[in-house]
Protein chains: 2
Amino acid sequence: MGVTERKEREKELRSESIIDAAERIFFNKGFKHATMNDVAKEAELSKGALYLYFHSKNELCMAILQRSLLILRNIFELLKEDKTLTGIERFQKLAKLFITFAKEHPNHYDSLLSYREHRENCPATGEIIKGTVRENKNINKIISDLIKMGQTDKTIKEDIDADKLSLALWGNFTGIMPSSILSNRATLNFDPEKIIEYHFELLINAIKT
Amino acid sequence: MGVTERKEREKELRSESIIDAAERIFFNKGFKHATMNDVAKEAELSKGALYLYFHSKNELCMAILQRSLLILRNIFELLKEDKTLTGIERFQKLAKLFITFAKEHPNHYDSLLSYREHRENCPATGEIIKGTVRENKNINKIISDLIKMGQTDKTIKEDIDADKLSLALWGNFTGIMPSSILSNRATLNFDPEKIIEYHFELLINAIKT
DNA sequence: ACAAAATATGACCGTTGGTCACTTGGTGAC
DNA sequence: GTCACCAAGTGACCAACGGTCATATTTTGT
């Protein structure tokens, strides 16, 4: 009885192709102005069908956000596996990777920042929400591991609390950049990248051996 | 001809009383679910009249945000004028004031975080948007001044870039807290206040003489 | 071959932000 | 005191959109 398995795969594929369509539409028109009809048309489905796969527009947005987190996790994962660097050097590179991600995936980065807007009305029990929470934890775990690796190779102070620092960085990542990279930079009288780098510089001084 | 002046005052008062009403409604029902009709009723006006004072719902939200920034500025201003503290001690107290603000004015704090949602569609030339930008700069200026005061009394390292650090802190403030204080804390496995405090601790180590 | 179940459709609904033709009431000129 | 005028205010109305559901189509198991 391979039918149910095949159906499950097809359902999964449908779901993915809807998210693909949603990304194209949302990233082009913006979350607010894109409509579910737009997405349906792009996905070559009727509007009603979308609701067989996602409970609401917000949940569809959260599905995109989950992808964004995945992209970022993969970037950090690579850093973690780079054996040519010392611990503190890896930490140093975190800031650059933050910035690179935001620049190379501006739309996905934007979706990260709109977390607050879209989580509303999404039942916390839903698979998608749980997925984003899980992915979030994964990322914090990696950052935390990076720091611990620095402690192992003695390039980062022993008494640093890796978990807390990891969360602080994550907060900083989703804090300083928002007011910047995606706003009209014209109105800013500072360069957000420089701020992040400077901030990291200070932290590095605080934690290196 | 004191009539025009009086009318101007009255217009200003109306505007304020609309914001008052909007705060009560928005803070109770949430920005999304509150309607302009709700606000109109609360302000004892017709819906159409609201639009004589604010171009859109978003702009009304930004007016509330401007108030939030004002509250925060006043808090920081007090810290700046406290002559009993050394520079580094004042810096230390910043973190606590951040947290206090978020706890004592949760709705206003929330409105700060929803900046991204509401700025959309508000023309950058509007008085309200310019007001929020100005208030934002004021706050960064105060933080920056606090740091410089520490450099003057030699409790903070001379070579710290006060402006950059000020922006980094502001980013952190609007970064770590959002994912925390206002989310269901139940699902969090960490205490956001602790994270902020720890982060500050590290920074203090990096900048103190 | 056919009934049952899964999948898909799109007309339809309720709600809401925003508009606009119209009303109201204070003002200043005479 | 009267009256034309204009800013201030009104609320019926509109278009747009998220979401639903009765119906249609396709696939599945027997």
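Trainee: Which residues are closest to DNA strand C, and how many surround that strand?

Mentor: In this predicted model, 19 residues surround DNA strand C, and the closest are A:Arg14, A:Ser46, A:Tyr53, B:Lys47 and B:Lys57. Sugar and phosphate make up 62% of the atoms of DNA strand C that come within 4 Å of the protein.

Trainee: What makes the pair formed by A:Tyr53 and a phosphate oxygen of DNA strand C a polar contact?

Mentor: A polar contact requires a pair of N or O atoms within 3.5 Å. An N or O atom in the side chain of A:Tyr53 is 2.7 Å from a phosphate oxygen of DNA strand C, so the pair qualifies. For B:Lys57 the side-chain N or O atom is likewise 2.7 Å from a phosphate oxygen of that strand, and a polar side-chain atom of B:Arg6 lies 3.0 Å from one.

Trainee: Which helix gives the most to the surface near DNA strand C?

Mentor: H3(A) does, with four residues. H1 and H3 of chain A and H1 and H3 of chain B each supply at least two residues of that surface.

Trainee: What is the corresponding picture for DNA strand D, and which residues are closest to it?

Mentor: DNA strand D is surrounded by 19 residues, and A:Arg6, A:Lys47, B:Arg14, B:Ser46 and B:Tyr53 are the closest. H3(B) gives the most to the surface near this strand, with four residues. By class, that surface has nine nonpolar, four polar and six charged residues.

Trainee: Why does B:Ser46 count as making a polar contact with DNA strand D?

Mentor: A backbone N or O atom of B:Ser46 lies 2.5 Å from a phosphate oxygen of DNA strand D; the cut-off is 3.5 Å, and therefore the pair counts. A:Met36 also has a backbone N or O atom placed 2.9 Å from a phosphate oxygen of the strand, whereas A:Lys57 has a side-chain N or O atom 2.7 Å from one.

Trainee: Turning to the second largest pocket, which residues lie nearest its centre?

Mentor: A:Glu12, A:Ser15, A:Phe54, A:Glu127 and A:Ile128 lie nearest the centre of the second largest pocket, which is lined by 19 residues. About 510 Å³ of space lies in the pocket. Its lining has six nonpolar, five polar and eight charged residues.

Trainee: Which domains of chain A does the lining of the second largest pocket draw on?

Mentor: At least three residues come from each of domain 1 (1-53) and domain 2 (64-207) of chain A. H1, helix H4 (57-81) and helix H8 (127-152) of that chain each supply at least two residues of the lining.

Methods. Residues are numbered from 1 along each chain as its sequence is written. Chains are lettered from A and ligands numbered from 1 in the order in which they are written. This is a predicted model: local features need pLDDT of at least 70, side-chain atom pairs count only at pLDDT 80 or more; totals for chains, interfaces and linings use all residues. Side-chain values use heavy atoms; hydrogens and water are left out. A residue is near a molecule or strand if one of its heavy atoms lies within 4 Å of it. A polar contact is a pair of N or O atoms within 3.5 Å; within protein, one must be able to donate a hydrogen and the other to accept it, and residues adjacent in sequence count only if both atoms are side-chain atoms. Ala, Val, Leu, Ile, Met, Phe, Trp, Tyr, Cys and Pro count as nonpolar, Asp, Glu, Lys and Arg as charged, and the others, Gly among them, as polar. On a 1 Å grid over the protein atoms alone, a cavity is a set of points where a 1.4 Å probe fits but cannot get out, and a pocket is an open set with protein on both sides within 12 Å along at least five of seven lines; lining residues have an atom within 4 Å of a point. Grid points are joined across faces, edges and corners, and a volume is the space filled by probe spheres set on the points. Domain bounds come from an automatic or database domain assignment.
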